[in-house]
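I set out today to look up a few backbone particulars and one side-chain contact. My notes follow in the order in which I checked them.

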Amino acid sequence: MKKLQILSLGLSVLLLAACGKGGQKTVVSVPQIQIGKAIPNTGTLPAGTYKGTFLANQTYTIGGDITINAGDTLLIQKGVKLNMTNGANIIVNGDLISLGTQASPVTITDPRRTKVAGASTFGTDSAYVGGWGGIYAGPTSKLVVIKWTHLDFGGAALKALPFSGSNSLKTGAQYILYFMNPAGVFIMEDSWLYGCPDDATRFYGGTYNIMRNTMEKAGGNGGDGFNAKGSAVGNMAYNLIIGGATNGTKTASDGTTAGECQFAMYNNTYVNDGFRNSGVYGARSGSAEIENNSRAAVFNNLVVDCDFGVRIAGGPGGAKVYLADTTLNSSDLIPKTVANYNFYYADNAAIAGQFVPTNVAQPVVTHPQTNGIPNMAAFLGASYTFGLVYDGTSLVGKNNPMFVNYPLPAPAGFWLTQASVDSYNFRLQAGSPAIGQGTAASSTYTYVTAGIPVDPNFGSSGITAPGKDMGCYQTNGTGNQH
């Protein structure tokens with residue numbers, strides 16, 4: 001449908017674009033818009049088809065699945081709260097635009113649930129039991145934009161398939177975000193995801209900018225955080241991912257023959273990830289995973305007390321987990337899989353012994369990094385064969401990244417149960433050894449701009465280039481803004 005843009009009261013500022021800190025293209029002023037008619041707020045909204053606008057600063061109760069038809073758009077203005085009941089989903093066959101702001105974020109939640117700080121365990125924390133459903137975008141959905149939006153307590157099981165032609169989607173799925181159109185665009189920026197029982201996301205096709213978000217308590221006793229598959233391509237950058245059951249970010253070219261999954265994973269901060277996966281493949285869970293003929297450039301990340309470092313899978317085709325694409329193709333978005341210039345910290349020998357993942361679960365082809373902290377190539381020596389077990393005892397407690405407010409060294413076992421940000425501050429103190437250790441973008445350490453629209457409402461608010469400091473918080477003020 002035609003997108004009718006109406007400036008909200010008191011806003012008549014023209015849209016401007018400029019180069020911000022670090023060369024980041026950003027939007028300077030963002031007028032509030034309305035698309036179509038306002039959705040009435042006259043009681044519990046029943047299951048049905050919807051288009052138009054949820055109006056700013058109102059609370060709506062949703063009683064069943066919201067469906068957006070192909071060609072229609074549903075807009076959520078700033079400050080809106082959607083109380084999702086009866087395990088309701090948002091089924092997107094058209095476009096979905098959620099435009100919270102830093103001062104007035106959008107919230108989509110199960111009203112029965114309350115966030116709990118401190119120690120978190122599967123079986124006792126309701127964050128790992130799906131409340132409302134998820135946002136499922138089908139093959140006709142061209143655009144999903146989620147900005148400054150809280151997605152809390154999602155993951156109720158799908159009762160029926162929401163559309164036909166889906167990639168591996170089954171009834172009973174418990175994802176928060178699902179997108180599959182190879183020609184579509186998915187933007188998630190400056191948002192929060194709190195709690196889910198399985199993979200937080202499943203991306204099977206399209207172009208993505210997953211940037212400057214915070215993810216807490218993703219996955220009950222299994223499940224990855226930002227999980228991209230099929231022909232999905234794009235960026236996962238400047239995200240803070242804490243307390244995930246398995247990997248914080250992952251790529252795998254499963255579920256489609258439309259192309260290869262390729263992502264830039266840079267300047268993320270991973271904390272306490274990988275310790276709740278109780279399945280057969282739990283021994284490969286940690287920070288970032290590249291597998292199944294996919295490619296990724298993984299650099300400038302800060303990995304603290306995670307079960308595994310960046311893992312590049314090996315193994316034969318046909319296995320559940322098989323060889324990542326490690327070949328060179330200079331014409332691809334990601335010319336070659338690379339994992340370097342990453343910063344690791346561990347509070348016990350078992351964690352340090354997996355900075356370079358070993359063959360404990362399946363074969364790996366992860367080479368020790370020659371740059372970054374620590375220099376694992378130098379530590380292990382020229383005779384080391386990737387995949388072999390090594391003793392990381394001497395690395396324990398070394399290279400404390402010096403967070404502004406977080407206990408390092410951590411008390412024994414703290415990394416097993418601290419799965420949320422709470423009042424901690426993961427910015428870097430002055431003097432941190434993680435400052436200035438990142439690498440600039442290059443043909444090897446690259447990121448994706450092609451195919452990602454930059455627009456205050458219908459695209460990215462800014463594709464932040466790789467930063468000089470390790471992790472998601474930059475000392476120049478760019479990166480994650482939470």
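I began with Asn86, which I find in the loop between β8 (81-84) and β9 (90-92). The model I am reading is a predicted one. Asn86 is not a glycine, yet I read a positive phi of about 60° for this residue. I then looked up its accessibility, and because the relative accessible area is 59%, I enter Asn86 as exposed.

I went on to Asn399, which sits in the loop between α2 and β34. Here too I note a positive phi, about 65°, in a residue that is not a glycine. Asn399 has a relative accessibility of 30%, so I enter this residue as partly exposed.

Next I looked up cis peptide bonds. I find one joining Ile373 and Pro374, with omega about -10°, and I place Pro374 in the loop between β33 (372-373) and α2 (376-380). Another cis peptide bond joins Leu408 and Pro409, with omega about -5°, and Pro409 lies in the loop between β34 (403-405) and α3 (414-417).

Last, I turned to Thr53, which belongs to strand β4 (residues 52-54). Is Thr53 buried or exposed? I count Thr53 as buried, because its relative accessibility is 0%. Setting aside neighbours within four places in sequence, I list Gln34, Ile35, Lys37, Ala38, Ile39, Leu75 and Gln77 as the residues in contact with Thr53. For Ile35 I add a further detail, namely that the Thr53 side chain reaches the backbone oxygen of Ile35 at 2.8 Å.

Conventions
Residues are numbered from 1 along each chain as its sequence is written. This is a predicted model: local features need pLDDT of at least 70, side-chain atom pairs count only at pLDDT 80 or more; totals for chains, interfaces and linings use all residues. Side-chain values use heavy atoms; hydrogens and water are left out. Helices (H or I, at least four residues) and strands (E, at least two) are DSSP runs, numbered from the N terminus. Buried means under 20% relative accessible area, exposed over 50%, partly exposed in between (1.4 Å probe, protein chains only). A polar contact is a pair of N or O atoms within 3.5 Å; within protein, one must be able to donate a hydrogen and the other to accept it, and residues adjacent in sequence count only if both atoms are side-chain atoms. Contact means heavy atoms within 4.5 Å.
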